[in-house]
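Here are my notes for you on this structure. Keep the view open beside them and find each residue as you go.

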Amino acid sequence: MQNLKNKTALITGGSKGIGYGIAEALLEQGMKVAITSRSAAKAEEVAGQLSQKGEVLGIGADVRDFASQQKAVEQVVKRWGQLDVLVANAGLGHFAAIEDLTVEQWQETIDTNLTGVFYSIKAGVEALKKTKGYFITISSLAGTNFFPKGSAYNASKFGLTGFTQSVMLDLRQYGIKVTTIMPGSVATYFNNQQPKEDWKIQIEDLGQMVVDLLHMHPRTLPSKIEVRPTQPSQQ
Ligand SMILES: NC(=O)c1ccc[n+]([C@@H]2O[C@H](COP(=O)([O-])OP(=O)(O)OC[C@H]3O[C@@H](n4cnc5c(N)ncnc54)[C@H](OP(=O)(O)O)[C@@H]3O)[C@@H](O)[C@H]2O)c1
């Protein structure tokens, strides 16, 4: 996929943070980009802002609902005729020791970060077979390193890392590439933070990483990428 102009992408959870950064980077390459949010109004508002950079569609679609993922893929194909890239990015984190972690927090984490990615990829497979497209999942270093108060998040991201690698083996025979990106700390709104620290990975850096992956020669597939701040905070 060396010329990205007029190629199309669907990014789950593109209303802010990493998904937004990837959307901006792909638009700058001349791609047409759909972003999703749990809120249709929010998706449309952010799509309006991004439309200064190119053609954007904002779709209300909760990744925890398979039918809404199917509809999002259908909307992209109806609008632009094809789907080339699907970035399964939407995710959240609840961090608490096991005795404090609630059943609802566990379920929301697994349903969003793991089952939600399964739904998104399942919904996109047939469209991507037609384009020999590219699936990218946003896992985390928490998908390979465990830490206290991380049981739900670690479980979701360890699961996602394994899921994505297995799907990569299933789909590469069709010429579909699958990569999981595993970032360390990124400056976003994740877990009610504000994207203010300069030492963290910035969203445009991950946008650049996705562009670089899409530009990689078709014969070569970086399947799992760990990415971390060069100089982490000493706190
Ligand atoms: N920030 C980090 O340090 C870091 C590090 C490693 C990995 N990650 C991963 O990166 C991904 C993006 O996180 P972020 O840091 O960009 O966080 P963020 O700034 O909080 O953005 C999260 C995005 O996910 C969307 N989202 C959440 N639940 C959703 C659902 N059920 N359906 C659809 N969209 C949903 C949100 O949209 P709405 O709120 O508008 O619905 C928002 O666009 C996550 O998978 C996260 O685990 C983050």
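1. Start with the helices around the ligand in this predicted model. Both α1 (17-28) and α5 (151-171) provide at least two residues each to the shell around the ligand.

2. Now look at the shell as a whole. There are 28 residues around the ligand, and the nearest of them are Ser 15, Ser 37, Arg 38, Tyr 153 and Thr 188. Sorted by character, the shell holds 10 nonpolar, 13 polar and 5 charged residues.

3. Next, zoom in on some polar contacts. In the side chain of Ser 15, an N or O atom is 2.7 Å from an oxygen atom of the ligand. Backbone atoms take part too: a polar backbone atom of Gly 13 is 3.1 Å from a ligand oxygen, and a backbone N or O atom of Tyr 189 also lies 3.1 Å from an oxygen atom of the ligand. As for cover, the ligand taken alone exposes 900 Å², and the protein buries 94% of that.

4. Where does the ligand sit? The space it takes is the largest pocket. This pocket has a volume of about 1200 Å³.

5. Try tracing the wall of that pocket. Its lining counts 44 residues, and Gly 91, Leu 92, Thr 188, Phe 190 and Asn 191 lie nearest the centre. By character, the lining of the largest pocket divides into 15 nonpolar, 21 polar and 8 charged residues.

6. Which elements supply at least two residues each to the lining of the largest pocket? They are α1, β2 (32-37), α4 (103-131) and α5. Of these, α1 gives the most, with 3 residues. You have met α1 before: together with α5, it also supplies residues of the shell around the ligand.

Definitions and conventions
Residues are numbered from 1 along each chain as its sequence is written. This is a predicted model: local features need pLDDT of at least 70, side-chain atom pairs count only at pLDDT 80 or more; totals for chains, interfaces and linings use all residues. Side-chain values use heavy atoms; hydrogens and water are left out. A residue is near a molecule or strand if one of its heavy atoms lies within 4 Å of it. A polar contact is a pair of N or O atoms within 3.5 Å; within protein, one must be able to donate a hydrogen and the other to accept it, and residues adjacent in sequence count only if both atoms are side-chain atoms. Accessible areas come from the Shrake-Rupley method with a 1.4 Å probe; for residues, only the protein chains shown count as cover. On a 1 Å grid over the protein atoms alone, a cavity is a set of points where a 1.4 Å probe fits but cannot get out, and a pocket is an open set with protein on both sides within 12 Å along at least five of seven lines; lining residues have an atom within 4 Å of a point. A molecule sits in a cavity or pocket if more than half of its atoms lie within 2 Å of its grid points. Helices (H or I, at least four residues) and strands (E, at least two) are DSSP runs, numbered from the N terminus. Ala, Val, Leu, Ile, Met, Phe, Trp, Tyr, Cys and Pro count as nonpolar, Asp, Glu, Lys and Arg as charged, and the others, Gly among them, as polar. Grid points are joined across faces, edges and corners, and a volume is the space filled by probe spheres set on the points.
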